[in-house]
Structure formats: C-alpha cells, structure tokens
Amino acid sequence: MDYVSLPTADWHQVVNRYYRKREVYSMGWAPGEVDFSKLMAVAAPYGGPVAVTRDEKTIQAVTSGQLRPTLAMYSSSGTLLSSFIWDKGRLVGMGWTENERLICVLEDGTVLIYSVFGELILQFSMGRDCKEQQVMDVQVWSTGLVVLTHARQFYVVTDLENPRPRPLADPGLDENPTSWIVIDPLYTPSNAVEVFVATTSGTILVVHQQGVNDCVLNQGPFTKMAVSPTGKFLACFTSTGDLWVYPTDFRSELYRFPTQSTLTPTQMAWCGSDSIVMLFPKTEYLLMVTNGDWVRFALDDPVCIVGEVDGLRILSNSTCEFLQRVPDAVEEIFAVGSTAPAATLYDAAEHFERKSSKADEHIRSIKTELPAAVSQCIAAAGHEFSYPLQRQLLKAASFGKCFLEFHSPKEFVEMCKTLRVLNAVRHYEIGIPLTYEQYKQLTPQILVDRLVNRHQHLLAWRICDYLELKADKVMVHWASTKVKQSDTDDREIAQMIVQKLEKVSGVSYAEIASAAYKFGRPKLATMLLDYEPRAGDQVPLLISMNEDELALSKAIESGDTDLMYLALLYLKRTHQQRDFLRIVHDKPVAMDLLIAYCRQQDTELLKDLFYFFNQPEETAAVAALESYQERDLDSRLKRMHAALKDYSENKEFQFQARQTEEQIKLLLLQRELEASYNEKYVDLSLSDTLYRLCIAGESKRAAKLRTEFKVPDKRFWWIRIKSLSETRDWDGIEKLSKEKKSPIGYEPFVEACLDGRNTQEAMKYIPKIVAPDKRAEYYLMVGAVREAVDVALKEKDPDIIMRLRTKTTNRDHLAFLESALDQFQKR
Amino acid sequence: RERSRQEPISVLDSVRGRKALVLDQGIAGPLGLIAEASLLKEHGVEKMYHLLPGRLDTECKSVVYLCRPKLKYMKYISEHIHTHESEGGRSGVKKDYYLFFVPRRTNICERVLEEEGVFGDITFRYFDLDLIAFDDDVLSLELETSYRECMLDGDKTSLFYAARSIMKLQSLYGLIPNVKGKGTCARLVADMIMRMRRELGPDEEPTMAPEIDTIILIDRDVDMITPVCTQLTYEGLVDEVYGVQNSYIEVDAEVVGALGGKDAPKPVPGKKVKYALNCSDKLYSEIRNLNFTVIGSLLNRKAKEIDEYYKSRHGMSVSALRDFTKKLATTQQEHASLNIHTNISEKIMRITSDPAFHRRIEAEQCLLAGTNPESSVDYIEECINKKDPLVKILRLLILLNATSGGLKAKQLEFFKREIIQTYGYEFIFTLNNMEKLGLIHSQQSKGPTFAALRKALRLVVEDIDENNPNDIAYVYSGYAPLSVRLVQQACRPGGWRQGGMEELMRALPGPSFEETQVMPAGVSYTPVSAESSVDHHPVTLVFYLGGVTFTEIAALRFLSQHGSTDGSPARDFIIATTKLINGDTVIDTLVDKVVPRSESGPAGPAGGALQGK
C-alpha cells in the first residue's frame, strides 16, 4: 500500500475520531508454524516478543512428532528467538515482566523464569500451601505475579528478583470467581498489590494483603475484565453481554455498552486508554468499543491481541498489525479537508516540490501559525512507521522552518535522532515495533536493556553511542555473554574483552568475572577481576570464588579495613588455624587488624597468635591485663605469674619481668597489710601503700618496704612529708628535717606547713632554703616582709626586691618593698 | 551547616513514631553541634541515652541506635536486646530496633551481631556523617581514638574515612591539584584518594575549577612535640584548663551567670553549665587566637569601651540616641560575652600565676631551647614524687625524649620505674605503648638532632612580642609549632626538597612526598604564582591525621591573616583533622583503661590519696 499517496486509506471513523489499523510486519515464521487458534499465547507489551505453547485446555489432535508440547518465543515480526520441549509439568499460565522475562507457573506452584533465549534464570516455589491447594490460575504484572489456588486463595510475589511468596487476605469465596485480574501496584493508591475478583453474586471484591473490600456492585456477574494501561479504568464484561467501564476506585460507573453477545469474549484488551477491543469466539472480527460507540474490524486469521499504552497490537498467523487512534498531529495534517496550519504547510511543501507558486501563497496564509505548524509536522513524522511519510513530513517541517527567523532546531534534530533509533529497532530482523509514544514511556535506557537481553549488543552499543547514553552495561553484558559462549583460551578472551572495554568508563569487571565464574571458568574470572578498579566489588567476588588470599591482598590494597575484615574472617573460617596464621603472617596490615579484632573479640586466638609468632612479651601483656578482670586475688596472681614467665623468656623484656615480679610481691604484701590493718591496700601503688602506712603511723613498716623495693630517698622523703602534713604532725616534720640533710631541699617542708596553714612552722624551714630568691619569696608569702628584704640586703641584690614586687598585691608590703628599694638605690 | 542538619533529621524521620535515641558518646557531641535536643524532640525522640554496657531501660517501643561501627558497641547493643527479650518476653512487648551506623555499615559489625544472635532483630541503616564544620575554617571527623588506632594498633579505619572525606570535599570543590604529605599515614591516605579516583572512573570526576589549591597531609606522630607543650593562646589554655569538647566547655554556673540577665534565678553554686565557643561569639573570635598574656589588658580595654558607650547616652541628641539604641543589642551581647570571658580568664589567670605553672612552662621552654636539660629532668622527677597528674608527667617525658634524641638507658628505666611505683603497675601498658610509638626510647645517635631541626626551621624564636606578634612562635611564647613550620616550608617554592630540608625531613618519621594530580580533561588549573591577585589567595587544606591542637589552628590562622613573610604567595588555610586534641586527650588514648575487679579486702578510701592539690 502506498501511504504517501493515501495516508487516510486505512482510517476508520468512530463518531468524531479516527482509528487506523495497519500492518507492521508480515510474519517471518513459516505458514502454519504458529496457529493462534490452537495455542496458548502471551505477548509482551512495548512491542515485545510472544510466547506460545500448546493450549492444554482445548482438545486438539496431536500432529505427528509432537507428542510433547514445545514452548517457543518469537519476536513481534515472527522471528524465532528460542524453542524448547516443555517437560516441566502442567502449565497454568504465562506472562511477561517489564524486562522481557517469561514467567511460567505450574499447577504445583512452581514458578520458572526464562530469558527470551529459553535460558532458565530462576526457579522457585509459591510455597507449601500453594502446592497442596494446586494453582488454578495466574496473573502476571510488570514486576510480580499473583496465583489463585483451587482453595480460592491468592498468593503474591511482588519482587521477582527476590521472590518471597505471601498470601493475600482470604476473600471468603464459596464458588470460583467468574473472573479476576491484578492491578499493577504502581497504579494503586496504596502502592500495594490489589486483586479485583468478580463473584457470582455480581459484585467485585478488592483483595489485598490487609483485607477484602466489597465494591457493592450488582451489574455482574462479570466474566471478563481488563485494566486500562494507566490503571485508571476497569472494563468488565457481564454474562448478559453488557460491557461496563468503571474507574478503578469504583466511585461511579463511566458507561455501559450492550454488545448483545451471549458469549464471553475470549480476548479483551484496552486499545490505548479510551477504547476496549474484544474478540468473541467463532467470529471473524474484532469489536472495538469507544465511548459508547463501536466499530468492527474484520479478521482474516486467528489472532492474539496485546494492549499498548497508545493502541493495540494484533498478532495473527500471518501478520503483525497495530491498531490505534490516529494521533492528533497526523489527523490535523491528513484528515480530508483539513484546514489546519500544519495541513497547509504540508500542502505548501508539496507544491514547492512541484515548483508550484501556490507554495508561497499557502505559507503566507499561515504566517502567524507557522511555528506551531512546523512542530505539528515534526510530531506527525514521529507517529509514522513508513519511511517516505516520515521523510515527507520532516521535509515539510524543514521547509516551514526556512520562513522562520528564530526557530530552535532542537525539536527537529531530536526527532530525527529518535526516528533513526525507532526505525532501527523496528527493522523486521530486530522486530520491536515501538511507536513514538511507547518509546517515550519506555525510555531509551530500558530499550537498550531489552536489546541487550536479546543479545543485540552492537545495535544497543550504537544507540548508546548515538544518544550519548552510558554504554558500560551493554559492554558488560556483551562480555558476560562472550565468556559463556566462547571456547577460546582464557588468556586470549580476557585480552579481547579488556581491549574492547578499555575506553568505556565505569565498566564492572566484577560482573563479567562473576559470569565467567558461574560458567565454570574460574581462571578467566580471576584474570578479569584484576581489572576491576572497585575493591568493594572485587573482594567479595574473590572470596566467593575461593580466591581468599588474593581477596585479602586486594582488600589491603584498597585501604578499606572493612573489606580486610571480610577477607580475614573468611580465611579464619575456612582454614586450619596454622594455615590461617601463616597466610596472615607476611601481611603486617592484616596482622595488625586481626590483633585489634582479637583484642576485642577473641582473646584465645590472640594468645595462640602471639604464641605462634613467638612474641611472649605480648602474651605476657595479655595475661597481665587479664589479671585485672579476675575477682579474687589468687587467680589474679596466677595470671601475673604466667605473665612473669612469658616476660622472662626474652632478655629484652627484663624490665617488664622485674616490674611484674615486684607487682606480685607487692600484691602479696598488700594482702598481708589488709589482714593486719583492716584497711584497703590491694591495688594501691607502691607509693600510695607507703603513704597509707605512714598515715597509719607504721613508719617502720614503711621503711622496711621502702628498702625492699628500693624506693629512692627523694621520693620517700616526699611521701613522708606529705603524710605528716596530712596528719598535721608538726613535730614529726621537724624530726624529719633534723634526721639528715634533706635530699629534696626544704621547700617541700615549707609547702607542707603552708598547706596546713601553719606559717609559724613554715618559718622554721624558710631559712634553710638555699636559693635566695625562693627564700625571699617564701618570707613574703608568710607575711614576713622584713625578712624578705633582709635576704636581698644580705645578697646585695636589689633585683630580688624588684621581683618580689610582682608577687604581692598587699599595699603595706608593696610600700615596704618600695622604701627598701629606695634605700638600696641611695646606697 | 544547614546541609548537615538535614541528614540527622531524615534519619530520625525514617523511623516512625516516638522513639528512644541511643547514642555512642563520641557521636553525642558532634550530633549536638548539628541538631539541638529540642529539634530532636520535634522529630519524635522521646528520650536520649548514652550507649553503655549493661541494660537499657526504656518505655519506648522503638529504639534507635546511632553509633560508630565499633565492636564493643555491638556487644552493648546485643546485651540490651538480650535483656529486653528475656524480660519483655513475658509481657509480650517486642521492641523494634534500628541501628544507624556512622558513617557506614560494616561487615565486621554485622558479623558480630550475627554471632550474638540479634542480627535478625535489627533494621540496619547508615548515616554518613563525615567532616563536621566547627568553624569556617576547621573541619573534624571527630574520630576520638584515631591517633592510637592508626599509629599504635595498626587499625587504619580512620584513614579510610579521612580519604573518603577528602573525596567528598573534592566532589564539592574540585580536584585538588597539589598533594603533599609527611608520614606513613599521610602516604596511605594520598594513595587511597588516588585509588578512589580510579575507582570512580573518569565519568564521575568533579569538573569544576579547583577551589583548593593544595592539600598537605601530616601525621600526628611527625610532630608530637607540639601537642605535649602547654598551649598558651587563649583558646588553647581554655582547652587545657576546661577541656573543650566539640567547641563546648563545661563551666561553673556562676561563670556564665550574667547570661540570664538580672531577673534570672541565681545560679546554683557548683552546678555546671555548657557554654559554646565558636566564631558566632564576636569577642571570642577576636581573642581566641591571641597569646594569653595580652588577654587581661585587652578585656580591660573592651570593658572601658563598653562603659564609655553606656555613659555616652547622657546628653545625647535625638538622632544620636537613635544610633545608640541601634547598637544597643549588639553591645549588650558583647557585654555579656565580655563578662563570661573575664570570668574564664580570671580563673585561668589564677592557674597561670601559680608558681607551679611557671615552673612547668619554664621546664618546657628550657627543653625546647636546649638549655639546662638537667634542671628539667629534676623537675620531672619532682613532679612524679608529688604525684602530679600522670598525663603531665608523660607530656614532659615525651618532650624531654624528643628534644634530646631519646633518654639515656638508665634514665629511661629510672623514670619508668618511678612511674610504675608511684602510679601503679597498670601503667606499664601505657609505657609499653609509648615505647612502641617511639615517644620514649633510649638514645641512639643517628641523623640530624632536634637541635639541627630547631635551627633550620627556627623552632625557637626569641624576643617574641605577644602584643604584636610577627611570627607563629607567639602561640607557645617562643616556640613555633613544628607541624606548622613544615606547612610553611611546603608552601615555599622548592617545598621540602629545597636546600638541606631533604636531610631534615628524613629525621622525622615516615616518608614525605609532593605530588600533583592530573586534572580531568576540560578543567583548567593555573599554578599559583607570586603575582596571583591580592584579593583571592590560594586555599590550602592542611589535614592533620591523628588530631590537631588549638594552637596549631591559631598559628595557621595567623599565617592566613598575615600572609607570608618570606615572599612566597599569601595563602588561606583550612584545617581538617580526625579530632581536635590537646596533649592530655591524645595521651589519654594511650592509657589502657584497667578497672580492677578484685573485691578482696575491706572497703577503705580508694587509692590516689597522695594526689597533689
């Protein structure tokens, strides 16, 4: 058919709108290979593939050589993607996810997920209850599925990547529902799964996890239902042949259309968001209902229909057709007798091409509306599948642009880009008949993902390149496929992959390596993983590949201590302790970390470790530290003895050994002291012990202890002075001062007296202070200003007085100092 | 600050209903900086608890833990859950537990919780708190024990966080072209940021022109001299005396009594209140970095100014009166702040005028200048005999050790013995730790001595005029912080490779490096030259790994303000660190806390009776 000559040839008018049904592909399969009248067929939206298998519910003659059914997947253009013998059991239903995975549900509740190439990606069970009750029916939405069991219970899986089957509330049905349908949680107000269940009593129940709501309808019973693409409306077919449309909140009813058919449609789907298409058994036409009006489309073949956001795809035994409401832009330009500016522009462009002067006339007539007309032509080009029409419309737009002074070329350029992408994927070899509208909804990124899933890596990569999208995922997928398929040498294939991926940034080598490992090529995986820059991805994979030593090295390189721990603890779990420690041995960073961990978490391992590496001093320190945790002194001493033994092993730690030995001695002594004085001694330091003994008046015992522990003279004197001052034993202090020449001078004596606010006593010791400066200062401090000045006089040093002046604020003293200074100067 | 405020709130809002918030103590402080208690209340926090071992008694059904991913905390949490389960099991109330790791979830912690059997009871999240802005120019990760962990334990987790925070800064302010550093940890962090850049890949590179010109990474253990000296700036002394925690100090209520105005109830004596110290206090930002000796007269002058201002209103014209009232609010604020700082500085003055304080400073100065070290040795011994606080002894010992290239073997053993006998055997572990870190060691004669370093870097500057300083040495009244001198040197042309520096750098621990990062395509960077415009100085980020002191901050601020004195281009400095420290806090992390459990013997007064006044 020549679209350019007559674009409206396939338009059907319904009330005041136009619909068009046009062929996109003639099917690539052999005639008779696929017969939709005999098959269970499910097609994926957004121009996706179709899965077919023998329909077990219809009785049919088994043709020769086909004892066992096969399951086949075809592209929209009828290219075989995969086919395999179906021997898994009784299939209840199928469905497609948004990333074009085929979901197959068996009667016993087993769910199988396949790629378009028939690879089993995941298999799981819907649970024991499902198995016991047996699955009756299944509904799949873009990311999940719901099954109905023979016990009339619903079970749901919301995330097919991590399936966790959960029951919905019990709808309390006595009879099987007349029909049921699930609504994508994306469109429910609660964002939770809701199932509409039509009952024999004529109402619809909304079943979700928390409960069941009755919509209290009496128009039913409904035998067939369909949800509109945006989830806003529900089309319901009653057993009496009426079609009802409700908003999905059931606040009102939108309209009723009597079809006068007594048979329930075998297929029913929305065509965009404004019309419903039904196929009745034993008829050779599709009935489309829109806003209370209807139209019939004759069929030549049995079909499988699939609703799209902006229309309806009709797959038949021989063709793939697309039915849609004619987009506004297209309608404006091509509708018979249209006087819209865009139509005029399109005309003008045609006249221009024919070198007719009418071109100019037309352009002049729409001068002010020209920008809108250009936009319309660009938009219309997007809605056309035919290359000549696209070209013609773009030419018209470009022609119109010439007459505009300021017009951004962005719109035009964008559309050209989009069309190139769309035309490429619509090519029958690829077979994705995406419309412009669908493409916008789907997003280029997801289109690329779908192409990758179909192993169309080159096209996907070119699209990324062309649209400036990130191509790392495409490349990773390509490489992952490569490692599975290729049987070339590991090194060679690694080199090839790295070469190709070098220039692509953000490539996850870990993912490719993971694929290689899963496919049984651990060596290749390790090689590839070496290129992974992200240690966070690299290390866990290396661990799961049992490359644990390498994992540890890589973790150390990264500096991320948590990764190091991950590798360390894995090594610890999987190795004999000796081997484990040997591995850690030459990696000081890991070793330190392990020790830090052990100190907090595993003291036994810590001791083993120090023993293994022959570090007795560390073992000793651990034991000594542990001793403090013991409650009774005997076990404490036991630990200290152990520490002592370990310290003694190495001469270098003589000091520690001696101190530990002395501490043991001290503890034993303190126990004795506690027994004799009924006072706490244990855990006091040696100095404090001496001090307490002095306070208690046991200076003899203190002296004995002091010699035993070789306490220096100086410190012992300090302790004695302090204790005497504490007990205000002034006589004692005096006695001490006369014992012998003080090894610590006499300032401490003065200080001790001053602490006890006894200036009189202090005066006894000030003269003994050697440094004149200090002596004068102390005199001043106790108020003996005259004596202070005398020091200066004796030393013949006026500076002493100068300094004294800064040490006091007492007016009398200051005056005295001033006059003394005067005298000095006079002299 | 506003940006960081959003995060904790969204953390809280992600848990519905009223909840108990359990914080690890290290986080409570920083969190207080970005979200006040009242704000937390608004977002459903019923009660707040510290994360402590033992039991957690709370009425709330939801318990939100916010803590660092540390093993000990995991143990506390599982202890809590276990007790709740064994007790709540009967009443049938099951609590919901949420655990927010700061700054990220770690495998190791989850493993520990798994081992404790509570993994399934907890909902895990994380809260990416990294650098906290204490001031316009000071950022801290607030990782309290990072010095010990990195340098002693070999647990370099905090370095990884430091590297991550630098990456975050780079994503905001552009790639930093020049990377310099000194020390083992600095090297590791530099390697990590290069590696992380590779991990990100060229697509994620920041594309703005670099706003930070240079980053200088310095290990704390390159310069342990500076923190062990007594800080002599106002802020530094406030820190030494009160201990600044997350820019707050705890003071007696009387000190800030004037805050509430005349009608406020008389503060209860002995009660402690928190007082914030940051740049929003105008007076404080004026005096914080000054040497303490000039504070008294400066505060006096301020007081006079304010007094004159109040007096000036007598006999004023109407228009002048209007101006007067305009200024009144700010003056009153200033007046209140003046009162507080006068009170604080008076208290500090009481300490600094004590002869004991003088002797300590004298000892430090002698050691730094290398004059009469014997007197300092005697002084340290005397301090031990008086049983002065141990950290003071350790600080002095470290200084002695560093300035004299180690201690004589006999001397070292003597001091160790004195310390153990005076303070107790348990400090043998602390001494071991210090020896492992090389903070104390016996003398070995190799490489340039401290004297050489002092001479080459002019570490000791005589004739410092504290009133009108012309060198950073004013912060320690004559000693210029070694770390800041290294920064100064790094900023000169030729950097650390110039002249005899190379030799000297070798005398300090760890490698030194000066590298440049290749700018991503399309990002232009013009190296700084002497002719760079006057009003826009290049920005240098100095990252202290293991902590920074207030005096070092003051010295770097001094350099920012006064420009360079040696002809190299003036620079603005921003300081980042793992933790704000002083000598006490950093050395305290080296003390293995030992709490004797033994209960033998009769209960008497606890030990430490000898402790000095």
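A salt bridge links the two chains of this predicted model: the side chains of Asp560(A) and Arg104(B) come together at 2.5 Å, N to O. Across the interface of chain A and chain B, eight salt bridges are found in total, along with 25 residue pairs in polar contact, both residues of each pair having pLDDT 80 or more. On the side of chain A that touches chain B, helix H23 of chain A (residues 654-677) supplies the largest share, eight residues. Sorted by class, that side of chain A holds 25 nonpolar, 15 polar and 25 charged residues.

Stepping back to the whole interface, 65 residues from chain A and 64 residues from chain B take part in the contact. The area buried between chain A and chain B comes to about 5,800 Å², with carbon and sulfur atoms giving 50% of it. Within chain A, the residues that lose the most area to chain B are Tyr628(A), Arg631(A) and Phe655(A), which together make up 12% of what that side buries.

Attention now turns to a helix of chain B. Helix H6 of chain B (residues 146-153) is largely enclosed by the rest of the structure, because seven of its eight residues are buried. These buried residues are Ser146(B), Tyr147(B), Arg148(B), Glu149(B), Cys150(B), Met151(B) and Leu152(B). Their cover includes, from chain B, the helices H7 (157-173), H8 (184-200), H18 (428-436) and H23 (583-588), as well as the strands S9 (212-219) and S13 (539-545). Just after H6(B) comes Gly154(B), which takes a positive phi of about 75°.

Technical notes:
Residues are numbered from 1 along each chain as its sequence is written. Chains are lettered from A and ligands numbered from 1 in the order in which they are written. This is a predicted model: local features need pLDDT of at least 70, side-chain atom pairs count only at pLDDT 80 or more; totals for chains, interfaces and linings use all residues. Side-chain values use heavy atoms; hydrogens and water are left out. Contact means heavy atoms within 4.5 Å. Buried area is the accessible area (1.4 Å probe) that two parts lose on being put together, summed over both. A salt bridge is a side-chain nitrogen of Lys or Arg within 4 Å of a carboxyl oxygen of Asp or Glu. A polar contact is a pair of N or O atoms within 3.5 Å; within protein, one must be able to donate a hydrogen and the other to accept it, and residues adjacent in sequence count only if both atoms are side-chain atoms. Helices (H or I, at least four residues) and strands (E, at least two) are DSSP runs, numbered from the N terminus. Ala, Val, Leu, Ile, Met, Phe, Trp, Tyr, Cys and Pro count as nonpolar, Asp, Glu, Lys and Arg as charged, and the others, Gly among them, as polar. Buried means under 20% relative accessible area, exposed over 50%, partly exposed in between (1.4 Å probe, protein chains only).
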